[in-house]
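Please describe this protein model from its coordinates. Cover the overall fold, the sheet and the residues with unusual backbone geometry.

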Amino acid sequence: MNKVLHIMITLTVIGVIAGGVLALVNIWAEPRIAANQKLETELAIFLVQKEGKSYDQIKINKGELYKVYDEQKNPIGYSLVYEGNGFQGKIRVMIGLQTDLNKITSIEILEQTETPGLGTKVTDPPYKNQYNGLVTSPEIKWVKGKPPAKPNEIQAITGATISSKSVVAIVNEGISELRRLKNEGKI
């Protein structure tokens with residue numbers, strides 16, 4: 001009985017100390033993680049809007065929206081961060097759009113947890129570059145096993161169809177949300 005009590009006290013003390021250390025590490029790391037995410041987002045804004053020199057953040061309910069300007073402060077488009085489900089987990093995408101929302105300038109995959117060597121191919125230039133100059137109307141479509149034939153089509157990745165289809169769905173949903181906001185006069 002005495003030995004059991006000693007073991008319980010020892011394990012409790014170890015648990016309290018370990019929990020306290022983890023809490024301190026979290027308090028120390030959290031602001032650094034947030035700063036790195038902000039820097040990554042800012043870099044991505046200008047990756048998808050290459051002519052951009054400055055931006056303003058626009059508050060929206062879902063996602064993050066940035067209106068991007070050239071050197072003369074003329075609006076050149078939007079950079080939208082939007083996320084959705086992939087095959088393994090969340091995929092977070094930065095989408096560059098022209099001001100009329102009818103053409104994509106570029107995309108960047110900010111976060112993903114897809115299968116290494118397959119689903120992670122959505123981060124590779126051969127897949128991402130298909131979005132450069134892609135027409136968004138009526139919506140983006142994907143094709144498999146053949147080259148895209150229309151200005152609003154991309155080719156899905158063989159072996160990673162779910163991941164590439166997920167990116168298409170995320171982009172379409174984000175653009176649809178922006179169109180709704182634009183129709184309501186909110187952007």
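The report below goes from model confidence to overall form, then to the sheet, the helices and single residues.

**Model and conventions**

This is a predicted model, in which local features need pLDDT of at least 70 and side-chain atom pairs count only at pLDDT 80 or more, while totals for chains, interfaces and linings use all residues. Residues are numbered from 1 along each chain as its sequence is written, and side-chain values use heavy atoms, with hydrogens and water left out.

The mean pLDDT (the predictor's confidence in each residue, from 0 to 100) is 91 for the protein, and 100% of the residues score at least 70. Among the elements, the lowest mean, 89, belongs to helix 1 (residues 2–48), and the highest, 96, belongs to strand 2 (residues 64–69).

**Overall form**

The protein contains three helices and seven strands. Helices here are DSSP runs of H or I with at least four residues, strands are runs of E with at least two, and both are numbered from the N terminus. Read from the N terminus, the order of elements is α-β-β-β-β-β-α-β-β-α. The radius of gyration is 22 Å, well over the 16 Å that the globule rule gives for 187 residues, so the protein is more spread out than a compact globule. That radius is taken over C-alpha atoms, and the globule rule is 2.2 Å times the number of residues to the power 0.38. The C-alpha trace spans about 75 × 45 × 30 Å along its principal axes.

The accessible surface is about 11,100 Å², and carbon and sulfur atoms account for 58% of this area. Areas come from the Shrake-Rupley method with a 1.4 Å probe; for residues, only the protein chains shown count as cover. Of the 187 residues, 37% count as buried, where buried means under 20% relative accessible area, exposed means over 50%, and partly exposed lies in between. Among contacts (heavy atoms within 4.5 Å) between residues at least 6 apart in sequence, 44% join residues at least 24 apart.

**The sheet**

Five strands form an open sheet in the order 1-2-3-4-5, with antiparallel pairing. Strand 1 (54–58) and strand 5 (104–111) are the edges; each has a single partner strand, so one side of each is left without a neighbour in the sheet. From one strand to the next, the twist averages 25 degrees. Two strands count as paired if DSSP finds at least two bridges between them. Three of the pairings are listed here with an opposed residue pair for each.

| Strand pair | Bridges | Opposed residues |
|---|---|---|
| Strand 2 and strand 3 | six bridges | tyrosine 66 and serine 79 |
| Strand 3 and strand 4 | nine bridges | glycine 84 and isoleucine 91 |
| Strand 4 and strand 5 | six bridges | glycine 96 and serine 106 |

Strand 3 is joined to strand 4 by a hairpin of four residues. Strand 4 is mostly covered, with seven of its nine residues buried.

**Helices on the sheet**

Helix 1 lies across strand 1, strand 2, strand 3, strand 4 (90–98) and strand 5, and runs at about 160 degrees to strand 5. Helix 3 (residues 161–183) lies across strand 2, strand 3, strand 4 and strand 5, at about 130 degrees to strand 3. For these angles, axes are lines fitted to C-alpha atoms, for helices over the stretch in contact, and the angles run from 0 to 180 degrees between N-to-C directions.

Asparagine 172 is found in helix 3. Its relative accessible area is 14%, so asparagine 172 is buried. Leaving out residues up to four places away in sequence, asparagine 172 touches Glu139 and Ile140.

**Backbone geometry**

Lysine 73, in the loop between strand 2 and strand 3, has a positive phi of about 65 degrees although it is not a glycine. Lysine 73 counts as exposed, because its relative accessibility is 55%.

Leucine 101 sits in the loop between strand 4 and strand 5, and its phi is likewise positive, near 65 degrees. This loop belongs to a hairpin with five residues between the strands. Leucine 101 has 1% relative accessibility and therefore counts as buried.

Serine 137 and proline 138 are joined by a cis peptide bond, with omega about 0 degrees. Proline 138 lies in the loop between helix 2 (125–128) and strand 6 (141–143).

Definitions and conventions:
Buried means under 20% relative accessible area, exposed over 50%, partly exposed in between (1.4 Å probe, protein chains only).
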